[in-house]
Amino acid sequence: MLPLRSVLARALTSRTLAPQVCSSFATGPRQNDGTFYEFCTYSLKPSKMNEFMENIKKNMHLRTAHSELVGCWSVEFGGRMNKVFHIWKYENFAHRTAVQKALAKDKEWQEQFLIPNLALIEKQESEITYLVPWCKLEKPPKEGVYELASFQMKPGGPALWGDAFKRAVHAHVNLGYTKLVGVFHAEYGALNTVHVLWWNESADSRAAGRHQSHEDPRVVAAVRESVNYLVSQQNMLLIPASFSPLK
């Protein structure tokens, strides 16, 4: 039987070492900020796109009375057409639950916003994301177009691919090829997905910057490192709605 002093020493040592052992299994920096962003995508009936946009333009104030709209866009290029993309901001999951309960009691929102639009929608998708720890949500200097680039990364989280991905993003930004709005990491939806929201003055300026960056050895080196962890990628060109906070 071990002396009491030895038992206590072993117990204290195990308590000290436990966080160090567990930390080796972490997939990235701890998410201390509860703020998250919900990506909502609406696929509309082709003949109903204009009607939907007019409806939400007229009545969006009924929805934004309950929570913050970051941006609203229509999809111009990339993937399925006749799509509308929203980003909503919430302080935490309790905040979102409270908003949903309030909307369920809001008869004006239901009658003027929800019910008229339901008949126009073919499909609705939702994804919960966090801003990555090294990025803040930025507002572009003026109106333009947006690109949402989505990257499906290998399992393992930011601990595996985070640094390389960060260097690839910063290579484009620091060399002036585009403007970064935000980098989002999926919490619910397709896991190990990172969304990068870019801003450009126009589709042509975006194309010019992309072509130039592909010839820049500094960008090429950073991207080649990051693609070692890449599974697939896709993008959409987004046109902001007239009422969108991000123009």
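In this predicted model, a good place to begin is the salt bridge where the side chains of Glu 147 and Arg 206 meet, at 2.9 Å from N to O. Glu 147 belongs to strand S5 (residues 145-153) and Arg 206 to helix H6 (residues 203-214), so this pair ties together parts that are 59 residues apart in sequence. Glu 147 counts as buried, at 9% relative accessibility. From here, the tour takes in further charged pairs, then the aromatic rings, and ends at a helix start.

**Salt bridges**

- A search of the whole structure turns up 7 salt bridges, and the pair of Glu 147 and Arg 206 is one of them.
- Another joins the side chains of Glu 38 and Arg 96, again given from N to O, at 2.9 Å.
- Glu 38 sits in strand S1 and Arg 96 in helix H3 (residues 93-105), so the bridge ties together parts that are 58 residues apart in sequence.
- Glu 38 counts as buried at 4% relative accessibility, while Arg 96 is partly exposed, with a relative accessible area of 25%.
- Glu 225 and Arg 167 also meet in a salt bridge through their side chains, with 2.5 Å from N to O.
- Here two helices are involved: Glu 225 lies in H7 (residues 217-226) and Arg 167 in H5 (residues 158-174), so parts that are 58 residues apart in sequence are tied together.
- Glu 225 counts as partly exposed at 30% relative accessibility, and Arg 167 is partly exposed too, with a relative accessible area of 42%.

**Aromatic rings**

- The structure holds 13 aromatic pairs.
- Among them is the pair of Phe 39 and Phe 184, which is edge-to-face, with 5.2 Å centre to centre and 70 degrees between the planes.
- This pair links distant parts of the chain: Phe 39 is in strand S1 (residues 36-44) and Phe 184 in strand S6 (residues 179-188), 145 residues apart.
- Phe 39 and Phe 184 are both buried.
- Tyr 42 and Phe 52 have ring centres 5.9 Å apart and planes at 40 degrees, so their pair is tilted.
- Tyr 42 is part of strand S1 and Phe 52 part of helix H2 (residues 49-64), so this pair ties together parts that are 10 residues apart in sequence.
- Tyr 42 is buried, with a relative accessible area of 13%, and Phe 52 is buried as well, with a relative accessible area of 2%.
- Look also for a cluster in which ring pairs link Tyr 37, Phe 39, Trp 73, Phe 85, Tyr 146 and Phe 184.

**A charge over a ring**

- Arg 63 lies over the face of Trp 88, and the distance to the ring centre is 4.0 Å.

**Helix H3 and its start**

- H3, the helix that holds Arg 96, has 13 residues.
- From its first C-alpha to its last, H3 reaches 19 Å, close to the 18 Å expected at 1.5 Å a residue.
- At the start of H3, a side-chain oxygen of Asn 92 reaches to within 3.2 Å of the backbone nitrogen of Ala 94.

**Where to look again**

- Strand S1 is a handy landmark: Glu 38 lies there and pairs with Arg 96 of helix H3, Phe 39 of S1 pairs with Phe 184 of strand S6, and Tyr 42 of S1 pairs with Phe 52 of helix H2.

Methods:
Residues are numbered from 1 along each chain as its sequence is written. This is a predicted model: local features need pLDDT of at least 70, side-chain atom pairs count only at pLDDT 80 or more; totals for chains, interfaces and linings use all residues. Side-chain values use heavy atoms; hydrogens and water are left out. Rings of Phe, Tyr and Trp (its six-membered ring) pair if their centres lie within 6.5 Å; planes under 30 degrees apart count as stacked, over 60 as edge-to-face and the rest as tilted. Helices (H or I, at least four residues) and strands (E, at least two) are DSSP runs, numbered from the N terminus. Buried means under 20% relative accessible area, exposed over 50%, partly exposed in between (1.4 Å probe, protein chains only). A charge sits over a ring if NZ of Lys or CZ of Arg is within 6 Å of the ring centre and within 35 degrees of the ring normal. A salt bridge is a side-chain nitrogen of Lys or Arg within 4 Å of a carboxyl oxygen of Asp or Glu. The expected span of a helix is 1.5 Å times one less than its number of residues. A polar contact is a pair of N or O atoms within 3.5 Å; within protein, one must be able to donate a hydrogen and the other to accept it, and residues adjacent in sequence count only if both atoms are side-chain atoms.
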